Amino acid sequence: MSSHHSQLPLSRRGFLLATAATATALGLASGPARADGTSASVFTGTDGHRRPFGRFGSPAARLTPQTLYVDAQGRGDHTTVKDAVTAAAGSGWTLVLAPGVYRETVSVDVTRTEATWIGASEDPRDVVIVYDNAAGTPKPGGGTYGTTGSATTTVQADGFTARWITFANDWLRADHPEITGTQAVAIKVQGDRSAFAHCRFLGHQDTLYSDSMALGTFARQYYTGCYVEGDVDFVFGRATAVYDRCQFRTLNRTDLAAAPYGFVFAPSTAVANPRGYLVTRSTVSSEAPDAYYKLARPWVPGSDPTARPMLTVRDTHLGPGIDAVTPYTNMSDTYPWQSQRFAEYRNTGPGARITVPANRPQLTGTEAESATRETYLGDWAPWKEGC
């Protein structure tokens, strides 16, 4: 995907580098708020003892034999998420993460199925997994990481669930003008039945990579109550993904003199896949000037020139940051967006105004009946399982 140059505001970089308690104060968006308005970084039980894992047990009182506790301060089984993942071999493990900033890269391979990660404070601002590789970052053994290799977190296993965690990539283009490969992925998700509830995804270009393990694999993913921010193609890939009641935030830029600053969605749905991205009951807001962002552009990667990207945005509030006149554009003129599967239905807000009908394809009422999370995800209903 194309590169632009922009700078992450220092307040956001400072948040990611801060302690978990400070991060709570500086966070941009939250999950469920604590009723008393205080930091959730440390819990104190009725006996007066500190409980970094909240209501989710501890190494001395495990929820299950397959529950591991992670705490950078050494009060758990492991001090890093990576070490806990290594220890959690096989299927069905739960990791409970104490508040903290975990600066590391993490990978969940295909053998570690049915894993669950829980942010112990139940506030995603408190638990941050972050690193700062970009596609063009040199690798120690030679070459560069590439877009996939830049991911802070990679999830390949089926049945992965995460709750109340921030996944971030805080690589800054302004700090590395010598690097042209500026894609910097916060998380790449490839497994089927991957669910994220009340999580945050922070980055700039290519923040959330919703993909699959192979071209012919139609991985299903569900995001609910999540927050995603970025600038260029910051939700992208070929998964069958439902974004339900999520917030998407486009960032301001100081390096470009004119619009567009970027693009929210860049699906690369395989032509054989009948379901791509579905955005429903969500919100798209912006830090940038009005109309400086496109809602989407189709990504037809060189590895799949037959891709036919699919995106449906329905019952969603589009703020003034979205260009209402021309909300879609091409990534390559060889694959015009009009030939892809882009559609909207009953959206609201200034960015949803239909001023040029040809530029805003709409579903009919009958078509909208099948544009639902139930249809997209089939026999998997994660909202019934606590997500």
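Q: How many cavities of 30 Å³ or more does this predicted model hold, and what makes a space count as a cavity?
A: The count comes to two cavities of 30 Å³ or more in this predicted model. A space counts because a 1.4 Å probe fits there but cannot get out. Rolling a probe the size of a water molecule over the atoms shows where empty space is left.

Q: What is the volume of the largest cavity?
A: The largest cavity has a volume of about 70 Å³.

Q: Which residues line the largest cavity, and what makes a residue part of the lining?
A: A lining residue has an atom within 4 Å of a cavity point. Val85, Ala88, Gly90, Gly92, Trp93, Leu95, Val108, Arg112, Thr113, Ala115 and Trp117 line the largest cavity.

Q: Where does arginine 112 lie?
A: Arginine 112 is in the loop between strand S4 (106-108) and strand S5 (116-119).

Q: Why is arginine 112 called buried?
A: Buried means under 20% relative accessible area. Arginine 112 has 15% relative accessibility, so arginine 112 counts as buried.

Q: What makes the approach of arginine 112 to valine 85 a polar contact?
A: The limit for a pair of N or O atoms is 3.5 Å, and one atom must be able to donate a hydrogen and the other to accept it. The side chain of arginine 112 reaches the backbone oxygen of valine 85 at 2.8 Å. That distance is within the limit, so the pair is a polar contact.

Q: How do you know that alanine 88 also belongs here?
A: A polar atom of the arginine 112 side chain lies 3.4 Å from the backbone oxygen of alanine 88. The cut-off is 3.5 Å, so this pair counts too.

Q: Which residues does arginine 112 touch, leaving aside those up to four places away in sequence?
A: Arginine 112 touches Val85, Thr86, Ala88, Ala89, Gly90 and Ala157. Touching here means heavy atoms within 4.5 Å.

Q: What makes S5 a strand covered on both faces?
A: Thr116 and Ile118 are buried on one side of S5, and Trp117 and Gly119 are buried on the other. In a regular strand the side chains alternate between the two faces of the sheet.

Q: How do you know that S2 and S5 pair?
A: Pairing needs at least two bridges. S2 and S5 have four, in the parallel sense, so they pair. Leucine 97 has glycine 119 as its bridge partner in S5.

Q: How do you know that S5 and strand S8 (residues 161-163) pair?
A: S5 and S8 are joined in the parallel sense over three bridges. At least two are required, so this is a pair. In S8, arginine 163 is the bridge partner of isoleucine 118.

Q: In what order do the strands of the sheet with S5 run, and which are its edges?
A: The order is S1-S2-S5-S8-S11-S14-S17-S20-S23-S25, an open sheet of 10 strands with parallel pairing. Strand S1 (67-70) and strand S25 (341-345) are called edge strands because each pairs on one side only. The twist averages 10 degrees from one strand to the next.

Q: What makes S4 an edge strand?
A: S4 belongs to an open sheet of seven strands, in the order S4-S7-S10-S13-S16-S19-S22, with parallel pairing. S4 and strand S22 (293-296) each pair on one side only, so they are the edges.

Q: How many helices and strands are in the protein chain, and how much of it is buried?
A: The protein chain has six helices and 25 strands. Buried residues make up 56% of its 387 residues.

Conventions:
Residues numbered from 1 in each chain as written. Predicted model: local features only at pLDDT ≥ 70, side-chain atom pairs only at ≥ 80, totals over all residues. Heavy atoms only, no water. Buried < 20%, exposed > 50% of the residue type's maximum accessible area, 1.4 Å probe, protein only. Axes fitted to C-alpha atoms, helices over the stretch in contact; angles between N-to-C directions. 1 Å grid on protein atoms, 1.4 Å probe; cavity = no way out; pocket = protein on both sides within 12 Å on 5 of 7 lines; lining within 4 Å. Points joined across faces, edges and corners; volume = space filled by probe spheres on them.
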